Amino acid sequence: MEEYNKSIAFFEGRDIKIQVGLLAPQAGGAVLIQSGDTAVLVTATRTPGREGIDFLPLTVDYEERLYAAGRIPGGFLRREGKPPERAILISRLIDRPLRPLFPSWLRDDIQIIATTLSMDEEVPPDVLAVTGASVATMLARIPFAGPMAAVRVGLLNDEFIINPTFREIEQGDLDLVVAGTPDGVVMVEAGANQLPEQDIIEAIEFGYEAIQELIKAQEDLLQELGIERVYEEKEEFNEAVYEFIRERAQEEVKKVLKQFDLGKKGREEALDNIQLQVEEAIKALPDDHEVKLAAEMDSRLVPTLYKKLTKELMRRQIIEEGVRVDGRRLDEVRPISCRVGVLPPRVHGSALFQRGLTQVLSIVTLGTSADAQELPDDLYPELEKRYLHHYNFPPYSVGETRPLRSPGRREIGHGALAERALLPVLPPQEEFPYVIRVVSEVLSSNGSTSMGSVCGSTLALMDAGVPISKPVSGAAMGLIKEGDEVRILTDIQGIEDFLGDMDFKVAGTDEGITALQMDMKITGLSIDIIAKAIEQAKTARLHILQEMLKVIQEPRKHLSPYAPRLLTMKIEPEMIGTVIGPGGKTIKAITEQTGCKIDIADDGTITICANQAEKAQQAKRLIQNITRKLNEGEVFLGRVTRIIDIGAFVEVLPGKEGMIHISQLAEHRVGRVEDEVSVGDEIVVKIRGFDSKGRLNLTRLGIHPEQAAMARQEAQFHL
């Protein structure tokens, strides 16, 4: 392909450049997309499908190279290895708006690879990669209902920003990614600082308007290169077989879909039995019957068309009758059950959240700063995480068996969504210095497990005594769209997700939204429908929140007795050496006396970790005494550390030593220092002052008995 360059004048000087024809000439399609000094190479390649595949084998990979930021990888091999979690999340971000735009009949292997070749400290590469994937796919002439593009929307000082920088994202109240086509929005993902629903709707609309510029640029590019968009609507359909299935199964399927008390497993078994009866009826046909011949030629035909019939009948029931397969109204939430403290206190907090047949057990563990997750080598500025949310989805949760593997992309994505939902309500590190890990174990799944993990995690955090500012709840919304008829479903279950058109997860507090994620199975959705779904989700969230608060209304006042006790304090950085002492002598002595673990940061922040709160407070007082400024006239119970001819040295506070001149040891004349004190003696002394070099001068004279008694009482806090 001939080299071609296009520059898109984008919002507020954030121009985007597209270059094709120079790199990766053997890929089906390749584009270098750039903004600032961030450049991402995206390729799309298609190969013939494998035999027996009845789904679209689409693979999307996001790759980072540390040379993009002028760095060499760490580790023994000094090369990139397993993709970090953030790269997996970006792979999902690219995949989700792409997947619904491929035709349902496509079975060829398609691979999208996005590689960040250069990256500055301003421009995130992820939304560039999403737009680049659309360009590369169309250049590869793969059937695709594009063009598609994505932008990020930030909110800073009450102003929306398109494609904000890393710093603007960090300082703002919104981090929203919206992807769309000419037909509408196909994907939304956001983290927000409890923003009202209307703000989120306006942000999506603002982002979709910006997307139009990128869509037009892609259309212009294709026209200038003489490339026609490829998209062909065809379906594996056999009218005779479908009519045969309809005649024998339609009424039976309708009955099953209206047996509201069947439950998930009973419904699946009943539908499977109807399919089995249809298959047996086809086998009983004469060998030359066209239905039997068609079914024998393609073993997938009957299951595919039976699924099509089931989908059609379920959707028609919702559209025409407003009734769902479990008998609920369209805006009704399934029955909710909540419990806290379900596990022994060895775990620091636990909760069980159940909505319908979806059940999630969330467990909280509190750790010290040493437990923070050090992020692996990647191109992003964040170095560590102090809040971790991990989501597990074992096979028994859906009544299946399969080998257990390491967490897949779905588990990582759901965990990240729940993590994002709770971040805005977590206490600041200065107030609650713990590292927090929440694990959500999905024990039973029938839709909306990610939002179940948000609710379960909120309850578990409150059970653990984590002082979250607000409880967070979440709900998943669905959609059935047939022509102009649209029905939005609250709290979707598995079959409604599987046979529906949308999975829209919304989490937030009673003040506003903290996270949302929308995935489509159609080629676009209008802002009006999205707005209605967000508003309907608010009613569901608040209902769920009320049920949660019936169990626990606020975080517990005390931590589990098995949780570590952490205290933080701040000292002047120049006092760090005093606390550590020569060769670590002082801090070692504090550690030995109190049994605490003490970490000191370069900025003077000290974190004290102990098994008992009293020990942590003792260590804090010791450090305060070491770093406090001494004043003339203060009285202490000190310990004699050494003796010289003209006096004795006394340690009045850990690391703070002064000298008593021989003339200040007693009211009478003292001939030898050893006649009055010995090394190791505890004596009450008063500060006389400081010499010209700042050294401490002490005396035993002129001390009132009440001062001496007070000094002895306070000495229990000294080394």
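**Two sheets and the helices around them**

In this predicted model, helices H6 and H8 are oblique to each other, because an angle between helix directions that is neither under 35 degrees, nor over 145, nor within 65 to 115 counts as oblique, and the angle at which H6 (residues 263-283) and H8 (residues 301-321) pack is about 135°. Their axes lie 11 Å apart, and H6 passes H8 in a right-handed crossing. On the side of H6 the contact is made by Leu271, Ile274, Gln275, Glu279 and Ile282, while H8 contributes Val302, Pro303, Tyr306 and Thr310. Sorted by character, the residues of this contact comprise 6 nonpolar, 2 polar and 1 charged.

From this helix pair we turn to the sheets. Strands of a sheet pair through backbone hydrogen bonds, in either a parallel or an antiparallel sense.

One open sheet consists of 8 strands in the order E8-E7-E9-E10-E21-E20-E18-E19, with antiparallel pairing. Its edges are formed by strand E8 (159-162) and strand E19 (485-490), each of which pairs on one side only, and from one strand to the next the twist averages 20°. Within this order, strand E9 (residues 174-181) and E10 pair in the antiparallel sense over 8 bridges, with Val178 standing opposite Val188 in E10, and the two strands are joined by a hairpin through 2 residues. E10 is also joined by 6 bridges to strand E21 (residues 513-520), again with the strands running antiparallel, and here Leu195 stands opposite Ile513 in E21. Strand E10 (residues 184-195) is largely enclosed by the rest of the structure, because 11 of its 12 residues are buried. Further along the sheet, strand E18 (residues 473-482) and strand E20 (residues 502-508) pair in the antiparallel sense over 6 bridges, and the bridge partner of Gly474 in E20 is Ala507.

Two helices that pack on this sheet can be followed from here. Helix H9 (residues 409-422) touches E9, E10, E20 and E21, and its direction makes about 150° with that of E21. Helix H12 packs on the sheet as well, touching E10, E18, E19, E20 and E21, with its direction at about 145° to that of E18.

The other sheet to consider is also open, and is formed by 5 strands in the order E11-E12-E13-E17-E16, with mixed pairing. Strand E11 (336-340) and strand E16 (387-392) are the edge strands, each pairing on one side only, and the twist averages 15° from one strand to the next. E11 is joined by 5 bridges to strand E12 (residues 349-355), the two running antiparallel, and Ile336 stands opposite Arg355 in E12. Helix H10 (residues 449-463) packs on this sheet and touches E11, E12, strand E13 (358-367), E16 and strand E17 (435-444), its direction making about 145° with that of E12. Helix H12 (residues 527-549) packs on this sheet too, where it touches E11 and E12, and its direction makes about 40° with that of E11.

Read together, these contacts place H12 against both sheets, since H12 touches E11 and E12 of the mixed sheet and strands including E10 and E18 of the antiparallel one.

Definitions and conventions. Residues numbered from 1 in each chain as written. Predicted model: local features only at pLDDT ≥ 70, side-chain atom pairs only at ≥ 80, totals over all residues. Heavy atoms only, no water. Pairing = 2+ DSSP bridges. Helix = DSSP H or I, 4+ residues; strand = E, 2+ residues; numbered from the N terminus. Axes fitted to C-alpha atoms, helices over the stretch in contact; angles between N-to-C directions. Contact = heavy atoms within 4.5 Å. Left-handed = near helix turned anticlockwise from the far one by under 90°. Nonpolar A, V, L, I, M, F, W, Y, C, P; charged D, E, K, R; others polar. Buried < 20%, exposed > 50% of the residue type's maximum accessible area, 1.4 Å probe, protein only.
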